[in-house]
Amino acid sequence: MDVGLQDHPSYITNLHNDSLYLIFEKLDMKVDQDSFGLTCHRFLDIQNSSSKCLELGYNGSSFMLDKLLKRFRKLESLSLKGCTYVFNSGLSRLQTCGSKLHTLYLVRVCLKNTGLSYIASGCPLLSVISICSCVITDKGLKILSESCKYLKDVELLPIECDSITDSGIQSLNQNCRQLRTLIIGCCPGIAGVGFQGCSPTLSCLIATNCALSSTGIADILSGGGLEYLNFGSVKCIGANGLAAIGLGFAANLKVLDLIHCSFVTDEVVLSISKGCPLLQEWNLSYCDKIGTSGWYPIGLYCSNLEIIHVNECYSFQNEALIALGNGCKRLSVIHMKNCPRIVSTEKDLIITQREGRKIIESEVSMIIPRWVYAIWP
């Protein structure tokens, strides 16, 4: 008598789920994984529960997220982008389904401290989190940082600009000693003193539109590990506070973005030029307090400089351009837009000094080298 395939002991559907998971993990091609899932509902369940990444789009809701988290049980990365119908209650499922989660993006989600407490209790392995256009406070940061101690890359762009202060930053720095990248923006309550005693692992910091103080900047630099620093459009900084960048603690700095920093003076440029020997890229666009003589220290001390931005710098003139070209032997790109005191003949001379060197008459809004961080999905 013929035995049907359904009774054959080697038929694949008779395999235990653990064996099916092992088979699925060996499928490298997406087309093979999709074919596996199309075989039957059981195989589709194996495929779903094996998926490690999930992105919920703009129409996502708490109900939809709850259903998906039940299906995708091995998630390592979750992106909720523009999910305005995902509320705190929708994040409660992470308490039971977030144990493997490493990366979480929350953009325009109805997030409050309650939601952060769900994330904190259910996602102990979280290393990357981005919280943008959400309601988040110092209390929420404290809750998150006390449980998610492995956080490495953190982006905080709150919807209420005064909701995060130095107190919240202090909680983050004290509890997350592996912190590598921190992005904060539009937070006038952050003066920088929350960074006192920060971890030496902090290598990348973006603090734009914050009201940093001289003491705060010294605390930001105290870890000694910064390689990328962005102080774009800082406000209310003390006299010559930025000069602290060149006093020793930022000796490893490779990229410095000071766009729209009206507190950059000749003294600041001199201090940074002398104290940051590894500097490779420097944005000084719109720094209108730099005088005519302020550009010369760059050519004298910045021997590793490869890229400089001098857009809308009206004190930048022919002599300064020559000083940079002669002194910075590795200089390959000069972003120079609306610098009326530069004549075309000097541009041509500087370009011909080094093979491949170019002058670009365009503006880069933010310097983000590829090696800095991977905070965005």
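What follows is a chat between a student and a tutor about a predicted model.

Student: How do you know what confidence the predictor has in this model?
Tutor: Look at the pLDDT, which runs from 0 to 100. Its mean here is 87, and 84% of the residues reach 70 or more. Residues 1–5 are another story: their pLDDT is below 50, and beyond near neighbours in sequence that stretch has 2 contacts in the model.

Student: Okay, the overall picture then. What makes up the secondary structure, and how much of the protein is buried?
Tutor: You get 13 helices and 13 strands. Of the 377 residues, 50% count as buried, meaning under 20% relative accessible area. The accessible surface comes to about 17,100 Å², and carbon and sulfur atoms own 54% of that.

Student: Which share of the contacts joins residues at least 24 apart?
Tutor: That would be 69%, counted among contacts between residues at least 6 apart in sequence.

Student: Why are Glu346, Lys347 and Ile350 said to be on the same side of α13?
Tutor: Those three are the buried residues named in helix α13, residues 344–353. They cover an arc of only 105° around the axis, so they sit on the same side of the helix. As a rule, an α-helix has 3.6 residues a turn, so residues three or four places apart point the same way.

Student: And what is on the face turned away, and what does the buried side pack against?
Tutor: The face turned away carries Ser344, Thr345 and Thr352, which are exposed. The buried residues of α13 pack against α12 (318–327), β12 (333–335) and β13 (358–360).

Student: Which residues are buried in helix α6?
Tutor: In α6, residues 113–122, they are Gly115, Leu116, Ile119, Ala120 and Gly122. Their packing partners are α5 (94–97), β3 (103–107), β4 (128–132) and α7 (138–147).

Student: Ile119 rings a bell. What makes it stand out in the largest nonpolar core?
Tutor: That core has 95 residues, and Ile119 is among those touching the most other members, along with Leu182, Phe231, Ile245, Trp282, Ile298 and Phe316. There's also a second, separate core of 6 residues, including Cys204, Ile206, Tyr228 and Val255.

Student: What is tryptophan 282 in contact with?
Tutor: Leaving aside neighbours within four places in sequence, its contacts include Leu256, Leu258, Val269, Ile298 and His309.

Student: Why is the pairing of glutamate 267 and threonine 265 called a polar contact?
Tutor: Their side chains are joined at 3.1 Å, and the cut-off for N or O atoms is 3.5 Å, so the distance fits. Glutamate 267 belongs to helix α10, residues 266–275. Its C-alpha is also 7.6 Å from that of glycine 294, 27 residues apart along the chain.

Student: Where is serine 61, and what does its side chain reach?
Tutor: Serine 61 is in the loop between β1 (53–56) and α4 (62–71). Its side chain reaches the backbone nitrogen of methionine 64 at 3.2 Å. Not counting neighbours within four places in sequence, serine 61 is in contact with Leu56, Tyr85 and Val86.

Student: How do you know what serine 51 touches?
Tutor: Contact means heavy atoms within 4.5 Å, so Phe72, Lys74 and Leu75 qualify, with residues up to four places away in sequence not counted. Serine 51 is in the loop between α3 (41–50) and β1. Serine 77 is 26 residues from serine 51 in sequence and 9.6 Å away in space, C-alpha to C-alpha.

How values were computed
Residues are numbered from 1 along each chain as its sequence is written. This is a predicted model: local features need pLDDT of at least 70, side-chain atom pairs count only at pLDDT 80 or more; totals for chains, interfaces and linings use all residues. Side-chain values use heavy atoms; hydrogens and water are left out. Helices (H or I, at least four residues) and strands (E, at least two) are DSSP runs, numbered from the N terminus. A polar contact is a pair of N or O atoms within 3.5 Å; within protein, one must be able to donate a hydrogen and the other to accept it, and residues adjacent in sequence count only if both atoms are side-chain atoms. Buried means under 20% relative accessible area, exposed over 50%, partly exposed in between (1.4 Å probe, protein chains only). Accessible areas come from the Shrake-Rupley method with a 1.4 Å probe; for residues, only the protein chains shown count as cover. The arc is that of the directions from the helix axis to the C-beta atoms. A nonpolar core is a set of buried Ala, Val, Leu, Ile, Met, Phe, Trp, Tyr and Cys residues joined through side-chain atoms within 4.5 Å.
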